[in-house]
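User: I am new to this structure and would like a close look at a single part of it. Please choose one helix and explain how it sits among its surroundings.

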Amino acid sequence: MCDTFVALGSATHNDNVIFGKNSDRPYNERQPVVYIPKQKHNSNIDLKCTYISIPQVEETNAVLLSKPSWMWGAEMGANEYNVVIGNEAIFDTREPMWPPSLLGMDLVRLALERSSTAAQAVHLMCDLLETYGQGGFCAENDPTLMYHNSFLIADPTEAWVLETVGKWWIGQQIKDGIRNISNRLSIRSEYTISRNGIIDYAIEQGYCDNEAEFDFAKCFTKGTYLEPSRYSREGWGKHLLRSNYGEISPIIMMEILRDHFGGICMHGAFRTTASQVSNISKNKAVHWMTGSPHPCISFFKPFVVPTQKDPSECDIFELREKFNLLENDSLVQELHSLEQELIQNIEQKLQTDNWSIADIQYLTQEALNRELSLISL
Ligand SMILES: [Zn+2]
């Protein structure tokens, strides 16, 4: 599951890029926020991803990740160049999900560690996909959950939707406006880039009869391809983006992630395990991360990259689970008031030259401490 959103330029309240994702995962999985500083590597030693090893690069970027604790990869995150990425599970595809190779979540982390723009991230993911493919179990100790991936990638100037099936991929560049992806292929015949030979392959496999009929989503979806209903998570998410067009801010993106009418804030055996909202402009970005289940009752905390220390050192998963069971509305209100105050404070700083990374690092620490003290009852 999952929903990922982006608003750019004329869709936003301040011409920034606003990105948001809810990561919907199995109920018991923990997904802390993890910070990994810039690092130099011995490139003779291979990098062990979740299931396979691949050559390492000499240097990796500083990255902030929202990362299921058992796997190498990440559901979403940001890097020091203000590139952000989120993935989506695509279940109904015509290509095999086996053998284990790279997971979509590995591709998210690899691209954040190795790219300085969204376009670079897209090309890197496509190269890795063509070389290694994708596949393997996507939840811990669960042989039933396997999927391919779509991705939403953004930087201060543009966004990309990258949709993949096996080793096949197609990409769409977005320079302005809104876009959201859920658990379905969505790129039809309007695309910017694609893997060489994709149309010939689709014709050979009998997915379409000729070049004029090539429609990526229809060709590569297993079974009948249907448009999403207005009341699906994808349809309702699009409606919420449209109805806020021109005004989209981090606060509105958080409201969208907290929506229950369309089921975007997911509760149940699969639930929203963690959420991210990023506000990105040239040279400045703030990433609001929950690191805890259910955005409706969680606290979005501000992070910058680089940050001072690894926030997973104060992993609040167990405390949060106890706190959530209390259903203490007044404490949730208190956390949300604090969140509003922080957003206003930081948004003002973002719009002026009164901006220092050290200031935000201080506010991050304050926010983590306040949440910890409020939920440690
Ligand atoms: Zn909720």
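Analyst: What follows looks at helix H2 and then at the strands around it.

The model is a predicted one, in which local features need pLDDT of at least 70 and side-chain atom pairs count only at pLDDT 80 or more, while totals for chains, interfaces and linings use all residues. Residues are numbered from 1 along each chain as its sequence is written.

Some context comes before the helix. The protein chain has nine helices and 18 strands; these are DSSP runs numbered from the N terminus, with at least four residues for a helix (H or I) and at least two for a strand (E). Its radius of gyration is 20 Å, close to the 21 Å that the globule rule gives for 377 residues, so the chain is as compact as a globular protein of that length. The radius is taken over C-alpha atoms, and the rule is 2.2 Å times the number of residues to the power 0.38. Of the 377 residues, 46% count as buried. A residue is buried if 20 or more other C-beta atoms, placed from the backbone, lie within 10 Å of its own, exposed if 12 or fewer do, and partly exposed in between.

Helix H2 covers residues 118–132, and its 15 residues should span 21 Å at 1.5 Å a residue; the end C-alpha atoms are 21 Å apart, which agrees. The expected span is 1.5 Å times one less than the number of residues. Buried in H2 are Ala118, Ala121, Val122, Met125, Cys126, Leu128 and Leu129. These residues cover an arc of only 165° around the axis, which puts them on the same side of H2. The arc is that of the directions from the helix axis to the C-beta atoms. In general, an α-helix has 3.6 residues a turn, so residues three or four places apart point the same way. Asp127 and Thr131, on the other side of H2, are exposed. After H2 comes glycine 133, with a positive phi near 75°.

What covers the buried residues of H2? The cover includes helix H1 (104–114) and strands E10 (84–90), E11 (148–154), E12 (159–165) and E13 (168–174). Contact here requires C-beta atoms, placed from the backbone, within 7 Å.

Those four strands belong to an open sheet of eight, in the order E3-E8-E9-E10-E11-E12-E13-E15, with antiparallel pairing. Two strands pair if DSSP finds at least two bridges between them. E10 and E11 run antiparallel and are joined by seven bridges, with isoleucine 90 partnered by histidine 148 of E11. E11 also pairs with E12 over five bridges, again antiparallel, and the two form a hairpin with four residues between them. Seven of the seven residues of E11 are buried, so this strand is largely enclosed by the rest of the structure. His148, Ser150, Leu152 and Ala154 lie on one side of E11, and Asn149, Phe151 and Ile153 on the other.

The helix and these strands also meet in the largest nonpolar core. Of its 95 residues, those that touch the most other members include Met125, Ile85, Ile153, Ala154 and Ala159. A nonpolar core is a set of buried Ala, Val, Leu, Ile, Met, Phe, Trp, Tyr and Cys residues joined through C-beta atoms within 7 Å. H2 gives the most to this core, with seven residues.

Conventions
Contact = placed C-beta atoms within 7 Å.
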